Amino acid sequence: MVQKKAKKAIVAKKSAPRTPPAEPAGVPAENNGAPGRPAPEPPALNEPTEPREPLPPKADQSGPDTFTPTGRATGVPRESVAQSGAYLTTAQGARLYDTDHSLKAGPRGPVLLQDHHLREKITHFDHERIPERVVHARGAAAHGVFQAYGTAARITKAAFLAKGAETEVFVRFSTVLGSRGSADTVRDTRGFATKFYTSEGTFDLVGNNIPVFFIQDAVKFPDIIHAGKPHPDREIPQAQSAHDTFWDFVSLHTEATHHTLWNMSDRGIPRSYRMMEGFGVHTFRLVNAKGATTLVKFHWKPKLGVHSLVWEEAQITNGIDPDFHRRDLADAIESGAYPQWELGVQTFPDTPDQRFEGIDLLDPTKIVPEELAPVQPIGVMTLNRNPSNFFAETEQVAFHPGHLVPGIDITDDPLLAGRLFSYLDTQISRLGGPNFAQIPVNRPHAPVNDMLRDGMHQTAVHSGTAPYRPNSLDGGCPFLAGADTGAYIEVPVETPAAHKVREAPDSFAEHFRQPRLFWLSMTPVEREHIISAYTFELSKCYEPTIRQRVLGVLANIDTELCEQVAAGLGLPAPAATQPLAEPEPSPALSQVGQTWPLDGRVVGIVTGPDGDVKALRALRQSVLDSGMVPLVIAPTPAPLGTGKNAVPVQRTFANARSVEFDALLVAGAPAATADAKGPRDAKAGAKKTGRKAAAAVPGTDPRVLLLVAEAFRHAKAIGGWDGAESVWQEAGLPAGAPGLVTAKNGPTALSEVIGLLGTHRVWERFPASA
């Protein structure tokens, strides 16, 4: 049976503004609103000596919910699985009087083999690391909750999608190519994996921030990853695709063209995980309570909109803060600006050919434009808790596309088929055996009676004598379930009789129509960024033949794209080898043209040491009241002012760069400070940045000028007052430029900047927008 599409989508209510979590007792008031505190209490100046129990987690942190290895709720607090007791002990609980010295035969004698504490401590340290993921090694994660709207109940019987259902989730974001120690803001595909702890078992939606993939068949997965990873002889370059082996493969294997174009667009370098779309990539089959089936594609839509870094920002960030994305996610949750995404589905009739509007739904290199099949919202996810331990949760969480629940089934997508094998195989290798589901972050929140026994890291203590069925010794338990008692039953899809072949359907052979659709859907400024990305990446390739081959691929996407990249490489532009398609552009693919909420946006407030502290404090509070995060930038990290009204400083002229801020507010023209000298801070040599700088009023700290010039170049809103126009002049900023606000005071400047922030950037400032 075929389930018809919904006639209209249900639009979720806009999320209410969030306020920062309450401060723990004993924390100075001046820390309010500033994320990043490392511990729930400020440290004492001297080493504490009075024994006490371990500190609780910070207000924004928690471990996974407490369930037994077999899925029973324990009812004990999450903190109960953390360390306990005031005294240092061995792994077996024996208290220790010293952990600074090995047991020796006298102070200068040899270390004794009988030192069991030394052996235990060093042995455990030697085995602290587990194999990192082959792909998606670099990640960050958070706990949250998913609330279903009930609009999916007509197409699936999955309980967690019923109206009013709330489900705990754990979400891990990641990059694909880099190692665990690589940087966050590289040009790469991002993973967007969500674990739903449903009442019917665990459901994993393991997707990416790009809706298509490089390959159509899983047998090619080792090839694309080997091509994208660092060269095996030198182990460089790390976490990037700007090298010969990647472009050698994708230029020869043109089914990768669509994904590559997305990666070369701004989608390849998200501004934040909070501002990144997620896609299930594959087509799935849903079945409702009556047995009717519908084909769907899953989408995660961020409430803050889809925004990206410009290339220069990404390059700077990789140097000054390689942890930019994971820090941004954790800081937003700690600040109470909880990230939200709507889960939506595109629905298609479950026809025998599994196509929609001529698009093969089993081809993971193809999208269905939202203008042809609108994304229908079915629930909202809110991430509201940071992990309390990175290794135990973020590193050990195990996702698998085969973790399904009743009402959700797979299709014959050949890439998905390989993933169903690969993920399970990987978990067994990484996590030490088949019992990885018993690690707390992986434990189901539904009863488990699987008859699986023993093995490495078995932590359940099973009872009974008959782990087989049928049996009578255990009273026949466990029993088989039927459809009426919640059993997972695969949809009985007819498989056409065919010969065994290593082939692909003819529809998989078309590789350029959808890349051209993506290109035609971009605005002029986005096209400029794509041209720049291809030019940069190909300039990193050593072999000229690879550059020429990629230009041949680009010629089949668009003539202008090919010619502009060829010009940047100093090569002739080849002609297309086939007629260019003329698909209808899809505005939904562009990141430009809409306005978005300001929750969690970071506003830098630049001030000198002698500014109006009272006015600064009020302005900082106004930023907080707007749902944004203020970071005060001053010459030193010392608080401004004294006593209870002192204003904390989070950044200094020496360590602040534009990439961290969504907008800048500049109070006056802060004078150069004592450390503004080249030998101490190289950025201090950047004072005269514009042609008119020599005629400008001298004296502004050159690092402030660099900060403002960067923010302007990156098309960010900038507001100033009390003489800030001299800063604009010294920095060489053109008078009257879009998004450059000169106001009579701080509140007025903030009001105008808020009006500009909704579009994320002042796009008119980019030359391509003119």
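**Overall build and aromatic pairs of a predicted chain**

Just over half is the story here: of the 770 residues of the chain, 52% count as buried, where buried means under 20% relative accessible area, exposed means over 50%, and partly exposed is in between (1.4 Å probe, protein chains only). The model is predicted, so local features need pLDDT of at least 70 and side-chain atom pairs count only at pLDDT 80 or more, while totals for chains, interfaces and linings use all residues. Residues are numbered from 1 along each chain as its sequence is written, and side-chain values use heavy atoms, with hydrogens and water left out.

As for the general layout, the chain has 16 helices and 19 strands; these are DSSP runs numbered from the N terminus, with helices being H or I of at least four residues and strands being E of at least two. A compact globule of 770 residues would have a radius of gyration near 27 Å, and the chain, at 28 Å, agrees with that. The radius is taken over C-alpha atoms, and the globule rule is 2.2 Å times the number of residues to the power 0.38. Along the principal axes, the C-alpha atoms fill a box of roughly 90 × 85 × 55 Å. Among the contacts with a separation of 6 or more, 73% come from residues 24 or more positions apart, a contact being heavy atoms within 4.5 Å.

Next come the aromatic rings. The structure holds 24 aromatic pairs; rings of Phe, Tyr and Trp (its six-membered ring) pair if their centres lie within 6.5 Å, and planes under 30 degrees apart count as stacked, over 60 as edge-to-face and the rest as tilted. One of these pairs is Phe-173 with Phe-192: the ring centres are 4.9 Å apart and the planes sit at 80°, so the pair is edge-to-face. Phe-173 belongs to strand β3 (residues 166–175) and Phe-192 to strand β4 (residues 190–198), so the pair ties together parts 19 residues apart in sequence. Phe-173 is buried at 0% relative accessibility, and Phe-192 is buried too, at 1%.

A second edge-to-face pair brings together Trp-311 and Phe-536, with ring centres 4.9 Å apart and planes at 65°. Here the partners sit in helix α5 (residues 311–320) and helix α10 (residues 524–539), so the pair ties together parts 225 residues apart in sequence. Trp-311 is partly exposed at 22%, and Phe-536 is partly exposed at 25%. Phe-173 and Phe-192 also turn up in one aromatic cluster, whose members include Phe-146, Tyr-273, Trp-300 and Trp-341.

Some backbone details are worth a look as well. A cis peptide bond joins Ile-236 and Pro-237, with omega about 0°, and Pro-237 sits in the loop between α2 (221–228) and α3 (244–252). Another cis peptide bond links Cys-477 to Pro-478, with omega about 5°; Pro-478 is in the loop between α8 (414–430) and α9 (513–520).

Positive phi values show up outside glycine, too. His-136 has a phi near 65°, lies in the loop between α1 (116–126) and β2, and is buried at 17% relative accessible area. Ala-715 has a positive phi of about 65° although it is not a glycine; Ala-715 lies in the loop between α14 (702–713) and β18 (717–721) and is buried at 1%.
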